[in-house]
There are 2 protein chains.
Amino acid sequence: MREAYQSDLRHIVDDLLDMAELVETALGDATTALLEGDLALAERVITADPHLDSRQVELDAKAVELLARQSPVATDLRLLVAALRMSSSLERMGDLSAHIALIARRAHPDTAVPEQHREQIRRMSELGLASLKGASQVIAERDLALAAQVEKDDDELDHLMLEISRQISAAEEGSYTAGQVIDLTLLIRFYERIGDHAVSLVRRVGFLVTGDSIDTLAEGVDVPEF
Amino acid sequence: MREAYQSDLRHIVDDLLDMAELVETALGDATTALLEGDLALAERVITADPHLDSRQVELDAKAVELLARQSPVATDLRLLVAALRMSSSLERMGDLSAHIALIARRAHPDTAVPEQHREQIRRMSELGLASLKGASQVIAERDLALAAQVEKDDDELDHLMLEISRQISAAEEGSYTAGQVIDLTLLIRFYERIGDHAVSLVRRVGFLVTGDSIDTLAEGVDVPEF
């Protein structure tokens with residue numbers, strides 16, 4: 001009985017890692033669709049998103065069921081509460097990836113990313129993927145040594161968002177159409193939010209490992225000067 | 001003992017309603033600051049946001065403590081799990097209000113909202129406030145009759161976001177500076193996200209009242225065609 005319970009708890013963690021893998025695929029594919037103008041790939045990301053939503057629903061139901069059946073305390077309780085929060089973050093990261101794919105689809109056959117920003121957007125996607133992989137490792141191994149890198153990736157995402165935004169604002173009139181500015185503004189915000197959620201994931205693991213109060217876990221204002 | 005527990009559960013609901021009131025103030029003030037160019041008011045919204053974050057941390061700690069101490073099942077368990085989710089949504093709505101205030105502050109002494117969009121932004125704020133008040137009533141009274149109006153308000157918010165976005169894209173070249181397009185794109189997205197969170201709040205109450213599965217609670221892709 002006790003053994004089954006421990007196995008249930010491990011399954012919750014495995015489910016979180018599965019969700020993270022689905023988000024990785026979605027984010028990577030969305031960026032490829034965006035930069036290569038691959039309409040079929042964009043469609044695939046968009047139609048795959050409900051699957052991630054279902055995974056969250058299943059995970060949450062399992063967690064609530066364990067809370068009801070086992071009345072966990074201490075670390076196990078914290079794990080289940082953290083899992084509920086983490087599944088929300090992962091589901092939201094999936095949404096943001098689908099949003100990127102939606103912009104790719106709308107822009108097709110043009111690309112939403114002007115030539116001079118391709119490299120920056122490619123880097124933002126790379127950072128989003130790295131922060132997500134880092135967060136998965138932190139979840140899998142409960143090793144907070146990797147957390148600092150996720151925070152650094154997020155800082156670079158913030159920086160790139162600001163940089164692109166300033167370049168657009170400072171450009172000569174007529175350098176961008178209004179539609180391009182709208183798309184770029186949304187895109188850089190979506191990538192930046194993915195970094196925020198990765199940070200939120202590793203902070204929740206921090207809460208699990210250290211048992212600290214969750215004082216540092218409120219998101220705060222995430223874009224102080226955008 | 002049992003009575004103290006019931007009173008603790010009621011306090012959790014009261015705390016959610018208090019948070020909702022703080023968000024209402026933040027959102028109303030942020031919009032006034034934005035449309036009237038009131039710098040002091042913008043500052044007030046920005047500096048008040050950490051207070052809302054602390055309220056979330058306190059509420060979550062209380063909920064986790066009750067989960068540990070009382071091992072609730074059935075409705076009480078669902079209430080506590082829902083409260084953890086709802087406090088996240090409210091905290092995020094506070095962030096979004098602070099983001100609006102940050103844009104007002106950055107634009108000062110100019111206004112981020114061109115004359116031709118003032119009325120639409122005023123309406124988006126009104127809808128955001130209405131959906132938040134509606135959600136509070138649903139939380140307080142567990143009366144789902146009001147939920148439909150919150151969904152309707154959210155639909156109108158989506159519609160206004162699309163309308164403004166299309167007007168900007170379709171305008172003659174030079175009608176907006178790139179900076180104006182960036183600010184407007186972010187502003188309409190922030191208001192629209194507030195509506196999404198209000199819907200998420202009432203759906204969580206729905207889950208409490210009906211005891212339905214949480215199938216309908218994943219957010220999905222919230223801006224299908226933005």
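This report walks through the fold, the charges and a few chosen residues of the structure above.

**Overall fold**

Please keep in mind that this is a predicted model. Chain A is built from six helices and has zero strands. Following the sequence from start to end, the pattern of chain A reads α-α-α-α-α-α. The radius of gyration of chain A is 19 Å, close to the 17 Å expected from the globule rule for 226 residues, so chain A is as compact as a globular protein of that length. Along the principal axes, the C-alpha atoms of chain A occupy a box of roughly 65 × 35 × 20 Å.

How much of chain A is buried? Buried residues account for 57% of its 226 residues. The contacts in chain A tell a story of their own: of those between residues at least 6 apart in sequence, 86% connect residues at least 24 apart. On the outside, chain A exposes about 9,100 Å², and carbon and sulfur atoms contribute 51% of that area.

**Charges and salt bridges**

Chain A carries 22 positive and 42 negative charges, and the mean positions of these two sets are 4 Å apart. Over all chains, a search of the whole structure finds 34 salt bridges. Three of them, including one from chain B, are set out here.

| Salt bridge | N to O distance | Citation |
|---|---|---|
| Glu36(A) and Arg118(A) | 3.8 Å | closest N and O atoms |
| Asp95(A) and Arg92(A) | 3.1 Å | closest N and O atoms |
| Arg203(B) and Glu151(B) | 3.1 Å | N to O |

Let us start with the salt bridge between Glu36(A) and Arg118(A). This pair links distant parts of the chain, with Glu36(A) in helix H1 (residues 2-36) of chain A and Arg118(A) in helix H4 (residues 118-141) of chain A, 82 residues apart. Glu36(A) is exposed, at a relative accessible area of 55%, while Arg118(A) is partly exposed, at 24%.

The salt bridge of Asp95(A) with Arg92(A) has its two partners in helix H3 (residues 74-107) of chain A. They sit three residues apart, about one turn of the helix. Are these two charged residues buried or exposed? Asp95(A) counts as buried, with a relative accessibility of 0%, and Arg92(A) is buried too, with a relative accessible area of 8%.

In chain B, the side chains of Arg203(B) and Glu151(B) come together in a salt bridge. Arg203(B) belongs to helix H6 (residues 178-210) of chain B and Glu151(B) to helix H5 (residues 147-170) of chain B, so the pair ties together parts that lie 52 residues apart in sequence. Arg203(B) is partly exposed, with a relative accessible area of 32%, and Glu151(B) is partly exposed as well, at 26%.

Salt bridges also join into a network in chain A, whose members are Glu119(A), Arg122(A), Arg123(A), Glu126(A) and Glu156(A).

**A buried methionine**

Finally, a look at Met93(B), found in helix H3 (residues 74-107) of chain B. Met93(B) counts as buried because its relative accessibility is 0%, and buried means under 20%. Which residues does Met93(B) contact, leaving aside its neighbours within four places in sequence? They are Val23(B), Leu132(B), Ile194(B), His197(B), Ala198(B) and Leu201(B). Met93(B) also lies 7.9 Å from Arg193(B), C-alpha to C-alpha, although the two are 100 residues apart in sequence.

Notes: Residues numbered from 1 in each chain as written. Chains lettered and ligands numbered in written order. Predicted model: local features only at pLDDT ≥ 70, side-chain atom pairs only at ≥ 80, totals over all residues. Heavy atoms only, no water. Helix = DSSP H or I, 4+ residues; strand = E, 2+ residues; numbered from the N terminus. Rg over C-alpha atoms; globule rule 2.2 N^0.38 Å. Buried < 20%, exposed > 50% of the residue type's maximum accessible area, 1.4 Å probe, protein only. Contact = heavy atoms within 4.5 Å. Areas by Shrake-Rupley, 256 points an atom, 1.4 Å probe, with all protein chains shown as cover. Lys, Arg positive; Asp, Glu negative; His and termini not counted. Charge placed at Lys NZ, Arg CZ, Asp CG, Glu CD. Salt bridge = Lys/Arg side-chain N within 4 Å of Asp/Glu carboxyl O.
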